[in-house]
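Me: I should like to learn how to read the surroundings of a ligand and of a single side chain. Where should one begin?

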Amino acid sequence: MATLYEQIVDAMGEMFGVHPGYRAAHAKGVFCRGNFTASAEAADLSRAGHLQGDPVEVSARFSNGSGKPEAPDADRRDGRGLAVKFHLPDGGDTDIVSISIPVFFVRTGEDFLAFTEARRPGPDGELDMERVGAFLGEHPETAEALQSILPALTPPASYAQVTYRGLHAFGLIDASGERRFVRYRFVPEAGERMLSDDEIDAADSDYLQAEIKQRLAAGPVRFELRAQLAGDGDSLTDPTVAWPQDRPDVALGTLELSELDAESEADGGVVVFDPMNVTDGIECSDDEILSARSRAYSVSIERRAAARAAG
Ligand code: HEM
């Protein structure tokens, strides 16, 4: 009997097609290299190695949410991703895996599977609105979350002009052991910009890939890593609900991506970004989606590694 996480990856394969050697989601992407320099405030919040102020090297990957490696960049129903691996002074690493939507659409792995199955296109290639409607009827939190998610799926002008969010709460632990829960986001220095309808219609299938290559050739791409602090009563486990905007919000530092990294995975290797890959000074919350993700990623990683090893 397949585990829930195998069923989730199988359901993704049914939705996007199975593409051996590729990620089951976020199949199309581009790797970059750069560094991260923490702000003075970051060390007050966490004793983690990359938050002490000295620059650390990073590996990053921009991606489209679809599991189709050939999916057009201007898809109006896709999220965009930014995964960042911080290389720590002690030789270890820690990841933030973020996406361009303001909240997530379900609360559990079981609901993720059910919603993925409900969205599977019918024989005509179209969504079965009756099935989707039935799921939404039983899950008002998803119907509510989609109100803010759908507009955020409009294709951006650039991977460098999107705010990417970590969505789950993480605990930051300071030098004295005090813990505060935060939600991360990467805010683009270049500002946010989405394409107009005409621009979307005219966009080349790989315009995001081409644009980021061109942009990086002209100079570094920067994002500010910010942390929104949880207030009293804010859920630490429900990623479908945004925290109120008036919560304290701290700049943790600057992510500077300086060049493309054409070597990563070029030799058949497999790079893994895992949202639960934290380090001393950071703790995962009990958000069920966070642990479901990590387990589903392991299934996808095992399968793509095996396919790549088989050549
Ligand atoms: C239960 C919910 C989720 C499931 C089942 C899921 C599933 C997956 C899978 C199977 C992969 C491919 C992993 C690999 O082969 O390396 C993936 C990649 C990714 N996911 Fe999720 N995901 C979920 C939620 C999220 C959330 C909440 C975010 C962001 C906050 C997110 C952002 C990403 C990104 C950016 C990647 C690409 C990472 C890379 O570039 O290597 N996902 N997801």
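Reply: Begin with the polar contact, which here means a pair of N or O atoms within 3.5 Å. The model is predicted. In this model, an N or O atom in the side chain of Ser-300 is 2.5 Å from an oxygen atom of the ligand.

Me: Which other side chain has a polar atom 2.7 Å from an oxygen atom of the ligand?

Reply: That side chain belongs to Arg-304. For a nitrogen atom of the ligand, the partner is an N or O atom in the side chain of His-26, at 3.5 Å. Two or more residues of the shell come from each of α1 (4–16), β3 (80–87), β4 (93–99) and α8 (288–309). The largest share, seven residues, is given by α8.

Me: How many residues surround the ligand, and which come nearest?

Reply: There are 26, and the nearest are Arg-23, Arg-61, Tyr-297, Ser-300 and Arg-304. Sorted by class, the shell holds 15 nonpolar, six polar and five charged residues.

Me: Turning to a single residue, is Arg-185 buried or exposed?

Reply: Buried means under 20% relative accessible area. Arg-185 has 18% relative accessibility and therefore counts as buried. This residue is in strand β7 (residues 179–188).

Me: With which side chain does the side chain of Arg-185 make a polar contact?

Reply: The partner is the side chain of Asp-249, at 2.8 Å. Beyond its neighbours within four places in sequence, Arg-185 is in contact with several residues, among them Thr-163, Tyr-164, Glu-224 and Gln-228.

How values were computed: Residues numbered from 1 in each chain as written. Predicted model: local features only at pLDDT ≥ 70, side-chain atom pairs only at ≥ 80, totals over all residues. Heavy atoms only, no water. Helix = DSSP H or I, 4+ residues; strand = E, 2+ residues; numbered from the N terminus. Buried < 20%, exposed > 50% of the residue type's maximum accessible area, 1.4 Å probe, protein only. Polar contact = N/O pair within 3.5 Å; in protein donor to acceptor, adjacent residues only side chain to side chain. Contact = heavy atoms within 4.5 Å. Near = heavy atom within 4 Å. Nonpolar A, V, L, I, M, F, W, Y, C, P; charged D, E, K, R; others polar.
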